[in-house]
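Biologist: Hey, can you pull up that model and walk me through it? I'd like to start with the overall picture and then get into the details.

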Amino acid sequence: LYDPTPVRAFTREQLRGRSVNSPYLGRELPGEVRCGGEVVTARPMRRPWTSLSWMSPSGDQPKPVTYSFRLDGSGRPLSIKREGTAYIAYGEDVAPSLAAPRFAAGATKAACTVTYTARRTPIDTAPVEDLISYSLNPISGALPKEGWDRIRPAGTTCLNDPRPQPLTQVFPDFHALSGTPGVRDWTMVAFDQDAKGKPIHVRVAHSTQNASLDAASVKAIAASRYTGGARTGCLYRYWR
């Protein structure tokens, strides 16, 4: 994988105790939004895409980055501009994510700012929901085995050879489901299957809490059929 972050040289003392080859999730977390000194609240703020890195978080957290913008009468952010010109690794989605939320409608507001703070979290302690979300949008490389091991249920037999193959894979009618502006909603469905390949014990394992997508996803898996005989700990994901 190509990481455009400038190469840095480290002494042996600096490298001691570091895990430079371990994967980390990178998250840009938005802070307080102010317009002319007044705190304003979005409904809600949207987090930028999560990235993947093989750099150690110790002492290498990227510097915070600040964006300025204005709000029109409908509460829509406009004229979004980053302050400063320093390179931001995997920062392509920060400005778009700021365009997605809506603030309270009313008078226009100028001189608005928000600062994003980067956080790198080791794969083995990152929230499972963040791992799943990244797997749907792997902007900096495929989610490694360490990440999938966190997502998959312990003791799953759904990966045993021969792996189950879909005979009938049912999908929700995504256009009939409500969506969340600025968000890729997803549902990770967990299930077992009986000896005939019929899904049983179908339930939502993790999701973005889109109720209509959750319900439609469970219904779709229950109507699907697979080869492979009796299995436990199977997963399938849908997103809108």
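Modeller: Here we go through the fold, the sheet, the helices and the aromatic pairs. Keep in mind that this is a predicted model.

Biologist: Okay, how many helices and strands does the chain have?

Modeller: There are five helices and twelve strands.

Biologist: And how much of the chain is buried?

Modeller: Buried residues account for 38% of the 240 in the chain. As for the surface, about 13200 Å² is exposed, and carbon and sulfur atoms supply 54% of that.

Biologist: What share of the contacts comes from residues 24 or more positions apart?

Modeller: That share is 76%, counting contacts with a separation of 6 or more.

Biologist: Let's do the sheet. What's the strand order in the open one with three strands?

Modeller: The order is S10-S9-S12, and the pairing is antiparallel. S10 and S12 are the edge strands, each pairing on one side only. From one strand to the next, the twist averages 25°.

Biologist: How many bridges hold S9 and S12 in register?

Modeller: S9 and S12 pair over seven bridges, in the antiparallel sense. To pick out one spot, Met188 has Arg237 in S12 as its bridge partner.

Biologist: Which helices sit on those strands?

Modeller: H3 lies across S9, S10 and S12, and it runs at about 100° to S9. Helix H5, residues 211-222, also packs on the sheet and touches S9, S10 and S12. The direction of H5 makes about 150° with that of S10.

Biologist: Back to H3. Is that helix mostly covered or mostly open?

Modeller: Mostly covered: H3 spans residues 128-136, and seven of its nine residues are buried.

Biologist: Which ones are buried?

Modeller: In H3 they are Val128, Asp130, Leu131, Ile132, Tyr134, Ser135 and Leu136.

Biologist: What do those buried residues pack against?

Modeller: Their partners are strand S1 (24-30), strand S4 (51-53), helix H4 (145-151), S9, S10 (199-207) and S12.

Biologist: New topic: aromatics. How many aromatic pairs are there in the whole structure?

Modeller: The search turns up six. One of them is Phe174 with Tyr238, a tilted pair with 6.4 Å centre to centre and 50° between the planes.

Biologist: Why does that pair tie together distant parts of the chain?

Modeller: It comes down to where the two residues are: Phe174 is in the loop between strand S8 (166-168) and strand S9 (186-193), while Tyr238 is in strand S12 (residues 231-239), so the pair joins parts 64 residues apart in sequence.

Biologist: Are those two buried or exposed?

Modeller: Phe174 is partly exposed, at 23% relative accessible area, and its relative accessibility puts Tyr238 in the buried class, at 1%. The cut-off for buried is under 20%.

Biologist: You said six pairs. Got another one to show me?

Modeller: Sure, take Phe191 and Tyr226: the ring centres are 5.7 Å apart and the planes are at 20°, so this pair is stacked. Stacked needs planes under 30 degrees apart. Phe191 is in strand S9 and Tyr226 in strand S11 (residues 225-226), which puts them 35 residues apart.

Biologist: And how buried are Phe191 and Tyr226?

Modeller: Both count as buried: Phe191 has a relative accessible area of 3%, and Tyr226 comes in at 8% relative accessibility.

Biologist: Last one: which residues form an aromatic cluster?

Modeller: Phe171, Phe174, Tyr236 and Tyr238 make up one cluster. That brings back Phe174 and Tyr238 from the tilted pair.

Definitions and conventions. Residues are numbered from 1 along each chain as its sequence is written. This is a predicted model: local features need pLDDT of at least 70, side-chain atom pairs count only at pLDDT 80 or more; totals for chains, interfaces and linings use all residues. Side-chain values use heavy atoms; hydrogens and water are left out. Rings of Phe, Tyr and Trp (its six-membered ring) pair if their centres lie within 6.5 Å; planes under 30 degrees apart count as stacked, over 60 as edge-to-face and the rest as tilted. Helices (H or I, at least four residues) and strands (E, at least two) are DSSP runs, numbered from the N terminus. Buried means under 20% relative accessible area, exposed over 50%, partly exposed in between (1.4 Å probe, protein chains only). Contact means heavy atoms within 4.5 Å. Accessible areas come from the Shrake-Rupley method with a 1.4 Å probe; for residues, only the protein chains shown count as cover. Two strands pair if DSSP finds at least two bridges between them. Axes are lines fitted to C-alpha atoms, for helices over the stretch in contact, and angles run from 0 to 180 degrees between N-to-C directions.
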